[in-house]
Amino acid sequence: FFSSCGLHVNMASSDIEMLNMPVDDVDDPFGSEEGDEEDGHRMRPRSPQGPASNLWGTKEILTDNWINLLLLFSPVGIVASLHHWSATWIFFSNFFPIIPLAYLLGRATEEVANRTGQVFGGFLNATFGNAVEVILAIVGLRQNMVELIQASLLGSILSNMLLVLGCAFFMGGLQHKKQTFNTAIAVTNCSLLYLAVMALSLPTVYKVIIPDNRNEIDMSHLAAAGLAFTYVQFLYFQMGTHSHLFEDAEEEADDPILTLFGAIFLMAIITIAVSVHTEFLVDAVEGTVKATGLNERFIGIILLPIIGNAAEHVSAVTVAMKNKMTLAVNIALGSATQISVCVIPMTVLIGWIMGVDMDLNFHVYEVLAMIVSVHLVAEVVRGGSSQWLAGSILMMAYVLIGAGFLYLPVLTDAEKGMA
């Protein structure tokens, strides 16, 4: 009798405490039209349960970033390609929709990762983090546009190291006088980038010294296998033995808003859309070069990296302005590292399978730009702190390198063999 009375009393007390709580502390099971606020930022409203969650979640993903407005160019690009408009129209009308598609593919990948556990989810994010670059490389290899693929991959590395990281340092430095970050993450990524520089330099220098042979192809295959093996070790290092070093470089995972089937289906649809637009874009490169006077290397180094890096650029700058510099550094250098030791060797090995001579014999100017860029970034991040001036220096380095590629003359076949 007394225990039952005590139970009733306790329940009544808890109810009274619930009634006395401030309204803001009580969870609204139905959410609100404007969403909750946490730390001054709008939080995602709760997802409905059941089959309706996929429709609701897709709507949330499509409307949560202004970059997605560029999807309006998608039907224009398809119509321009099918009706054989000018090459410049076809190129740019297919260029712009790939930017939001890359962002949406990343979001869909995160949804799958949130449903599949930490280990496999981390592997999935690491593997598909640069899926757009891989698709672009495969489409280019099918058309034997090796130089364009080499330039686009190198451009993605330079863009992340200099432009994305530079903008993050600059914008974060305007908000905060001095910002600090985890040096272990920066040093690890820079070490892997130095290794990638070595893999790119050796076949290129070998071809310059001994031009009348094809041994650089075999050297490239061996270097690609070595880089891929190193990347597997890096994943084990990052997610296994030394995961504690990378804890403060991880974004807080949102609750999934799609079912596993819905997320996989969305990934498949976006991948198909990216492939279609990429096919049209690559087809129009040669005509765009003739119409605009831009050389193929400049298009690959400067323009094409925007496709895959725009969303990361916005994310890095946003978190830097919130004084989360470790996360910003990991976004910029982590993406550059993935392309260097994962996407580039993957592209070489895929070319080997397809019978295309995709090697690591880059242009001497490209290798030089890569060497000085990695060294500059390593010097900037060595101290574990940043200010706006450091960001300005990195961005100016990117401008100078881009100007060099803008005025780089078109090489003849004989000159390519020497360079």
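A salt bridge here is a side-chain nitrogen of Lys or Arg within 4 Å of a carboxyl oxygen of Asp or Glu. In this predicted model, Glu 147, Arg 297 and Glu 366 are linked in a network of such bridges.

## Overall makeup

The protein has 419 residues, of which 47% count as buried. Its secondary structure consists of 16 helices and four strands. Among contacts between residues at least 6 apart in sequence, 82% join residues at least 24 apart. The exposed area is about 21,200 Å², with 65% of it supplied by carbon and sulfur atoms.

## Salt bridges

The count of salt bridges comes to six. Three of them are listed below.

| Pair | Closest N to O distance |
|---|---|
| Glu 216 and Lys 207 | 3.6 Å |
| Arg 297 and Glu 366 | 2.3 Å |
| Glu 379 and Arg 382 | 3.2 Å |

Arg 297 sits in helix α12 and Glu 366 in helix α14, so this bridge ties together parts that are 69 residues apart in sequence. Arg 297 is buried, with a relative accessible area of 11%. Glu 366 is likewise buried, at 0%. Because buried means under 20% relative accessible area, the values of 11% for Arg 297 and 0% for Glu 366 place each residue in that class.

Both residues of the pair Glu 216 and Lys 207 are buried. In the pair formed by Glu 379 and Arg 382, Glu 379 is partly exposed, with a relative accessible area of 39%, and Arg 382 is exposed, at 58%.

## Nonpolar cores

The largest nonpolar core contains 72 residues. Met 161, Leu 165, Phe 169, Leu 333 and Val 377 have the most contacts inside this core. At least two core residues come from each of the helices α6 (131-142), α7 (146-175), α8 (183-209), α9 (215-241), α12 (296-321), α13 (325-354), α14 and α15. Helix α13 gives the most, with 14 residues.

Apart from this core lies another, of 40 residues, including Ala 80, Phe 91, Ile 98 and Leu 136.

Phe 169, one of the residues with the most contacts inside the largest core, can be followed through its surroundings. Leaving aside neighbours within four places in sequence, Phe 169 is in contact with Gln 179, Phe 181, Met 325 and Val 329, among others. Further contacts of Phe 169 beyond those neighbours include Val 380, Val 381, Ser 386, Gln 387 and Trp 388, as well as Ala 390, Gly 391 and Leu 394.

## Aromatic pairs

The count of aromatic pairs comes to twelve. One of them joins Phe 92 and Phe 96, with 6.4 Å from centre to centre and 35° between the planes, a tilted arrangement. These two residues are four apart in helix α4 (residues 87-115), and are therefore separated by about one helical turn. Phe 92 is partly exposed, with a relative accessible area of 28%, and Phe 96 is partly exposed, also with 28%.

The rings of Tyr 365 and Phe 405 have centres 4.8 Å apart and planes at 75°, so this pair is edge-to-face. Tyr 365 lies in helix α14 (residues 364-381) and Phe 405 in helix α15 (residues 388-406), so the pair ties together parts that are 40 residues apart in sequence. Tyr 365 is partly exposed, with a relative accessible area of 26%, whereas Phe 405 is buried, at 0%.

Ring pairs also link Phe 73, Phe 91, Phe 92, Phe 95 and Phe 96 into a cluster. Phe 91 of this cluster is also among the residues of the 40-residue core.

## Surface patch

Val 205, Val 208, Ile 209, Ile 210 and Val 364 make a nonpolar surface patch of about 410 Å². Helix α8 gives the most to this patch, with three residues. Val 205 is placed in helix α8 and counts as partly exposed, at 44% relative accessibility.

## A contact distant in sequence

Asn 54 lies in helix α2 (residues 52-63). Asn 54 and Ile 257 are 203 residues apart in sequence, and their C-alpha atoms are 7.2 Å apart in space. Beyond its neighbours within four places in sequence, Asn 54 is in contact with Leu 258, Thr 259 and Gly 262.

How values were computed: Residues are numbered from 1 along each chain as its sequence is written. This is a predicted model: local features need pLDDT of at least 70, side-chain atom pairs count only at pLDDT 80 or more; totals for chains, interfaces and linings use all residues. Side-chain values use heavy atoms; hydrogens and water are left out. Buried means under 20% relative accessible area, exposed over 50%, partly exposed in between (1.4 Å probe, protein chains only). Contact means heavy atoms within 4.5 Å. Accessible areas come from the Shrake-Rupley method with a 1.4 Å probe; for residues, only the protein chains shown count as cover. Rings of Phe, Tyr and Trp (its six-membered ring) pair if their centres lie within 6.5 Å; planes under 30 degrees apart count as stacked, over 60 as edge-to-face and the rest as tilted. A nonpolar core is a set of buried Ala, Val, Leu, Ile, Met, Phe, Trp, Tyr and Cys residues joined through side-chain atoms within 4.5 Å. Patches are made of residues with over 30% relative accessible area and no salt bridge: like charges are joined within 9 Å, nonpolar side chains (Val, Leu, Ile, Met, Phe, Trp, Tyr) within 5 Å.
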